[in-house]
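I wanted to go through this one with the contacts in mind and jot down what turned up. These are my notes, in the order I looked things up.

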Amino acid sequence: MSDDGEQLVLLQLPACADRLRLVRSAVREVAEMCGCSEATAQDIQVAVGEACQNIIRHAYNGDDKGILEIGISRREGVLIFKLQDYARSVDTAAIKPRQPEQNQERLKPGGLGVYLIHEIMDEVDYLTPPSGKGNLLRLLKRIG
Amino acid sequence: MKHTITQENGATIVAFEGDIDLESSPKSREILLKAVDDAGHVLVDLSEVSYIDSSGVATLVESLQAARSKSGRFALLKPSDPVRRVLELARLDQVFTLHTSLDAALA
């Protein structure tokens with residue numbers, strides 16, 4: 001068993017918008033299997049969904065030939081999600097959650113994804129990919 | 001994602017069903033912006049929306065702003081629990097007008 005504990009699921013899929021529903025189903029099922037409440041499973045679904053969306057839109061710029069790998073593991077009351085893409089390495093220091101705007105005059109339509117991920121997950125880190133290629137995002141959620 | 005459009009007491013009600021995500025949000029954007037363009041009062045019925053992501057929220061925000069720019073009315077009707085949760089997380093539950101019933105929305 002690695003530092004990530006027990007591996008529960010490993011998905012490899014094209015980074016396409018029409019596959020997000022499949023990912024969300026798997027994430028939700030895993031969360032509920034691990035004893036998460038419906039509300040927590042839903043939150044986790046949102047966070048992982050946003051991370052996948054960012055990979056599709058920004059890492060691969062909508063190129064549907066990109067590959068997305070998602071590993072879900074469990075360790076001592078913690079669920080760990082690792083999302084690997086093989087796009088060009090991004091400047092992870094530049095990926096910061098934007099504070100939501102409540103003034104309607106200054107409201108912007110986009111930019112919420114990273115904020116939602118940070119609101120929901122307990123830890124959000126970029127790791128060095130084992131292959132040296134692409135980007136590896138780790139999300140950690142404490143589930144008791 | 002499915003949608004229906006109905007009229008009630010001068011309001012256009014756009015009801016979505018299913019997931020509003022990166023795949024379906026472009027379509028929902030097209031539908032809502034057209035509704036806002038055509039009508040002075042738009043209600044978005046989200047009672048049957050099982051999931052919404054940031055792209056879906058962005059569509060709602062853009063539609064709200066489009067309605068405001070033409071002094072129109074734009075409100076969300078009966079948002080489902082998943083929708084409410086994402087709006088709360090995004091601190092947008094105080095930005096949108098939310099109605100829990102059609103009667104309240106049309107009052």
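The entries below cover the chain interface and then the helix packing in chain A.

**Entry 1: the model.** I noted at the start that this is a predicted model.

**Entry 2: the A/B interface.** I pulled up the interface of chain A and chain B and got a buried area of about 2400 Å², with 56% of it on carbon and sulfur atoms. Chain A puts 29 residues into the contact and chain B puts in 25.

**Entry 3: charges across the interface.** I ran the salt-bridge rule across the interface of chain A and chain B, and it found 5. One of the pairs I checked was A:Arg24 with B:Asp19, whose side chains meet at 2.7 Å, N to O. I also searched there for polar contacts and came back with 6 residue pairs, both partners at pLDDT 80 or more.

**Entry 4: what chain A brings.** Which elements give two or more residues to the side of chain A that touches chain B? I found α1 (20–33), α2 (38–59) and α3 (113–120) of chain A. α2(A) gives the most to that side, with 9 residues. Sorted by class, the residues on this side of chain A come out as 11 nonpolar, 8 polar and 10 charged.

**Entry 5: salt bridges overall.** Over all chains I counted 16 salt bridges by this rule. I looked at B:Arg85 and A:Asp43, another pair whose side chains form a salt bridge, at 2.7 Å from N to O. B:Arg85 sits in helix α3 of chain B (residues 81–89) and A:Asp43 in helix α2 of chain A, so this pair joins two chains.

**Entry 6: α1(A) on α2(A).** Next I turned to helix packing. The angle between α1(A) and α2(A) is about 145 degrees and their axes are 9 Å apart. The crossing of α1(A) past α2(A) is right-handed. On the α1(A) side I listed the contact residues, among them A:Leu20, A:Val23, A:Arg24 and A:Val27, while those of α2(A) include A:Ile44, A:Val48, A:Cys52 and A:Ile56. The class split for this contact of α1(A) with α2(A) is 9 nonpolar, 4 polar and 4 charged.

**Entry 7: α2(A) on α3(A).** For α2(A) and α3(A) I read an angle of about 145 degrees and axes 9 Å apart. Left-handed or right-handed? The crossing of α2(A) and α3(A) is left-handed. Residues of α2(A) in this contact include A:Asp43, A:Ile44, A:Ala47 and A:Asn54, and they meet residues of α3(A) including A:Val114, A:Leu116 and A:Ile117. I tallied 8 nonpolar, 2 polar and 2 charged residues in the contact of α2(A) with α3(A).

Methods: Residues numbered from 1 in each chain as written. Chains lettered and ligands numbered in written order. Predicted model: local features only at pLDDT ≥ 70, side-chain atom pairs only at ≥ 80, totals over all residues. Heavy atoms only, no water. Contact = heavy atoms within 4.5 Å. Buried area = accessible area lost by both parts, 1.4 Å probe. Salt bridge = Lys/Arg side-chain N within 4 Å of Asp/Glu carboxyl O. Polar contact = N/O pair within 3.5 Å; in protein donor to acceptor, adjacent residues only side chain to side chain. Helix = DSSP H or I, 4+ residues; strand = E, 2+ residues; numbered from the N terminus. Nonpolar A, V, L, I, M, F, W, Y, C, P; charged D, E, K, R; others polar. Axes fitted to C-alpha atoms, helices over the stretch in contact; angles between N-to-C directions. Left-handed = near helix turned anticlockwise from the far one by under 90°.
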